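Subject: Structure for your review

Dear colleague,

Please find below the structure that I am handing over to you. My findings follow it.

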Amino acid sequence: MSLENVISRAIVSTFTQKMLSYLEVDTAIVGGGPSALVAARYLAEAGVKVAIFERKLAPGGGTWGGGMLFNEVVVQDDALPILDDFGIRHAPLADAPGYHTLDSVEMASGLIFGAVKAGAKIFNSVSVEDIVFKDKKVNGLVINWTPVERLGMHVDPLTVIAECVLDGTGHPSEIMHLATEKAKITLDTPTGKIEGERPMWVESGEESTVKNTREYYPGLFACGMSANNVMGGYRMGPIFGGMLMSGKKAAGLILKSLKK
Ligand code: 48F
């Protein structure tokens with residue numbers, strides 16, 4: 001067999017095996033931003049079969065670019081244990097006790113590597129275009145290749161069955177929108193619908209991101225900016241402690257739900 005053929009066969013067969021074994025998971029996470037990557041790591045570490053489906057070629061979401069492409073971000077004291085778990089370095093801010101800076105590229109790559117090393121699988125360039133909704137329960141995801149989505153190709157999707165679904169899609173809360181608009185689900189929010197993100201207020205946004213990380217419908221959870229959008233929290237810009245703590249909280253809630 002030619003080496004060209006060896007390489008192609010190896011890739012096709014190992015990817016197929018990987019995809020086959022993740023068509024049914026304990027937890028399917030939509031989006032590979034910072035909150036989702038943290039959730040995936042702690043779930044995988046606890047022995048949960050977890051996969052992330054990320055639309056873009058590179059997971060990491062809004063972490064790479066820091067603030068306005070200055071590739072540094074800020075975190076507060078409370079989030080340091082999570083960074084330390086991932087082995088991501090940080091430095092204290094001399095003029096603002098309790099706050100720290102870190103390199104956003106180290107954070108993005110460290111979170112991705114940490115999640116994968118713990119046993120989470122990441123399927124990149126895969127877009128979630130719908131949910132599986134049976135017997136009034138969210139049962140999984142409907143997926144397609146991002147290039148298919150982007151080019152508007154008329155190609156039917158495939159499905160992934162999951163016990164729990166975590167919406168980590170960031171500001172747009174795409175899965176929550178699908179759930180309320182297509183499945184007509186009433187969310188556990190004041191209006192039963194998505195309340196909508198509010199403008200910038202850093203302290204409030206950081207606090208509410210963690211508070212709003214919840215199960216909003218049986219089997220359907222939200223973390224990170226998605227959770228904040230669902231409950232009408234404020235945005236916070238390039239401070240990431242809330243995102244990291246939201247991911248850890250989501251993992252704990254899902255673990256409890258899976259053990260029921
Ligand atoms: O937005 P994002 O980074 O998620 P997050 O964990 O973090 C928010 C921060 O980055 C930042 C912030 C912090 O102060 O406010 O915005 O809430 O990442 C969301 C990821 O989800 C992917 C998207 O490409 C991005 O990488 N995504 C969104 N919709 C889909 C999706 C979809 N339908 N299918 C697959 N991936």
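A residue is called exposed when its relative accessible area is over 50%, and buried when that area is under 20%. By this rule D135 is exposed, because its relative accessibility is 78%. Please bear in mind throughout that this is a predicted model.

I begin with the protein chain as a whole. The chain contains nine helices and 13 strands. Its C-alpha trace spans about 60 × 50 × 40 Å along the principal axes. For 260 residues, a compact globule would be expected to have a radius of gyration near 18 Å, and the protein chain agrees with this because its own value is 18 Å. Of the 260 residues, 49% are buried. When contacts between residues at least 6 apart in sequence are considered, 67% of them join residues at least 24 apart.

As to the surface, the accessible area of the protein chain is about 12700 Å², and carbon and sulfur atoms account for 59% of it. The chain carries 25 positive and 29 negative charges, whose mean positions are 6 Å apart.

Two residues deserve a note on their backbone. Most residues other than glycine have a negative phi. D135, however, has a positive phi near 50 degrees. D135 is found in the loop that connects β7 (126-134) with β8 (137-145). M68 also has a positive phi, of about 50 degrees, and is not a glycine. The loop that holds M68 runs between β2 (50-54) and β3 (72-76). M68 counts as exposed because its relative accessibility is 76%.

Strand β7 also contains a residue in another setting, S127. Is S127 buried or exposed? With a relative accessibility of 1%, which is under the 20% limit, S127 counts as buried. Which side chains make polar contacts with that of S127? One such contact, of 3.1 Å, is with the side chain of R55, and another, of 3.0 Å, is with the side chain of T146. Leaving aside residues up to four places away in sequence, S127 touches R55, V142, I143, N144, T146 and E149.

In short, S127 is a buried residue with side-chain polar contacts to R55 and T146, whereas M68 and D135 are exposed loop residues with positive phi values.

Yours sincerely,
A colleague

How values were computed
Residues numbered from 1 in each chain as written. Predicted model: local features only at pLDDT ≥ 70, side-chain atom pairs only at ≥ 80, totals over all residues. Heavy atoms only, no water. Helix = DSSP H or I, 4+ residues; strand = E, 2+ residues; numbered from the N terminus. Rg over C-alpha atoms; globule rule 2.2 N^0.38 Å. Buried < 20%, exposed > 50% of the residue type's maximum accessible area, 1.4 Å probe, protein only. Contact = heavy atoms within 4.5 Å. Areas by Shrake-Rupley, 256 points an atom, 1.4 Å probe, with all protein chains shown as cover. Lys, Arg positive; Asp, Glu negative; His and termini not counted. Charge placed at Lys NZ, Arg CZ, Asp CG, Glu CD. Polar contact = N/O pair within 3.5 Å; in protein donor to acceptor, adjacent residues only side chain to side chain.
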